[in-house]
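Open the model in your viewer and follow along, one selection at a time. Each stop says what to pick and what you will find there.

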Amino acid sequence: THPVDASDLEPVDKSALKVSDQVAIEIIDMNKWYGQFHVLRDINLTVRRGERIVIAGPSGSGKSTLIRCINRLEEHQKGKIIVDGVELTSDLKNIDKVRSEVGMVFQHFNLFPHLTILENCTLAPIWVRKVPKKEAEETAMHYLRKVKIPEQALKYPGQLSGGQQQRVAIARSLCMKPRIMLFDEPTSALDPEMIKEVLDTMIELAEEGMTMLCVTHEMGFAQAVANRVIFMDQGQIVEQNEPREFFNNPRNERTKLFLSQIL
Ligand code: ADP
Ligand code: MG
């Protein structure tokens, strides 16, 4: 069922993938409820700069909620989330600061359909960052070249394939110069032949040292790029390990069951 094998992806230069000692994200005893429903339980997670973490787990285990808490699209009720040294509280200044450092790419690309690709990429830099239009356009073209679709700049999202739209979504995030990128199933809505082009874009980002948290079912990508795989079930981090150990020697019964179903 898995269209992309690790060997299909652009070869990864592992020596280029460095993890620093600096902490990018720290989550301490974090809990979240949706009303009465205890969706995240005692989450502890330290992410260092340059880490590439894949978050796996069954549907409904809380993966999206966890990464949405990291840029405060969702609010947690207990414990701490500290991003780049800034604690996420109800203080709007802190929330703005964290959001400006953290880019997010969703399953459904969430591009503005009535704006061109270029306008999608320059909107936030111009209106949020107050970047002059010409400079914002130059930056946008730089990232559109990086995701290999500069020639689409003046088209509208509806004129692009799903894989191209997702690469625009990645470029649009990068235009805000984030230090951390969160991906929530970025390839789940794509046809098989388009998955690889998006994963290859993500690999390039990893090779440039981006700190990345990726919720994905693409285990080939996890094997090729992640330095750590986290397995969630029922709102908890049940197991985590470096990819080879995680796939070859899972310890937890729930991890074993999950892997037997998807590999
Ligand atoms: P995953 O991404 O692992 O599939 P989610 O984080 O989306 O899991 O959801 C975890 C659980 O929380 C699921 O049981 C889901 O139904 C529930 N949930 C998600 N969002 C909400 C919400 N806004 N209100 C209430 N329950 C929610
Ligand atoms: Mg989800």
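The second largest pocket of this predicted model has a volume of about 170 Å³. To see its walls, select E10, P11, K146, V147, K148, R167, E197, D200, T201, I203, E204 and E207. Now colour helix α6, residues 192-207: this helix gives the largest share of that lining, six residues. Colouring by class brings out eight charged residues in the lining of the second largest pocket, along with three nonpolar and one polar.

Next, move to the largest pocket, with a volume of about 640 Å³. Which residues lie nearest its centre? Select V102, M104, A124, S173 and M176; they are among the 21 residues that line the largest pocket. Then show α2 (92-101), β6 (102-105), α3 and α5 (162-174), since each supplies at least two residues of this lining. The most comes from α2, with four residues. By class, the lining of the largest pocket has 10 nonpolar, six polar and five charged residues.

For the last stop, keep α3 (residues 117-127) on screen and add α4 (residues 133-146). Their axes come within 9 Å and cross at roughly 125°, which makes α3 oblique to α4. The crossing of α3 past α4 is right-handed. To display the contact, pick I117, L118, C121, T122, P125 and I126 on α3, then K133, A136, E137, A140, M141 and L144 on α4. Coloured by class, this contact of α3 with α4 shows nine nonpolar residues, one polar and two charged.

How values were computed: Residues are numbered from 1 along each chain as its sequence is written. Chains are lettered from A and ligands numbered from 1 in the order in which they are written. This is a predicted model: local features need pLDDT of at least 70, side-chain atom pairs count only at pLDDT 80 or more; totals for chains, interfaces and linings use all residues. Side-chain values use heavy atoms; hydrogens and water are left out. Axes are lines fitted to C-alpha atoms, for helices over the stretch in contact, and angles run from 0 to 180 degrees between N-to-C directions. Angles under 35 degrees count as roughly parallel, over 145 as roughly antiparallel, 65 to 115 as roughly perpendicular and the rest as oblique. A crossing is left-handed if the near helix is turned anticlockwise from the far one by less than a right angle, and right-handed if clockwise. Contact means heavy atoms within 4.5 Å. Ala, Val, Leu, Ile, Met, Phe, Trp, Tyr, Cys and Pro count as nonpolar, Asp, Glu, Lys and Arg as charged, and the others, Gly among them, as polar. On a 1 Å grid over the protein atoms alone, a cavity is a set of points where a 1.4 Å probe fits but cannot get out, and a pocket is an open set with protein on both sides within 12 Å along at least five of seven lines; lining residues have an atom within 4 Å of a point. Grid points are joined across faces, edges and corners, and a volume is the space filled by probe spheres set on the points.
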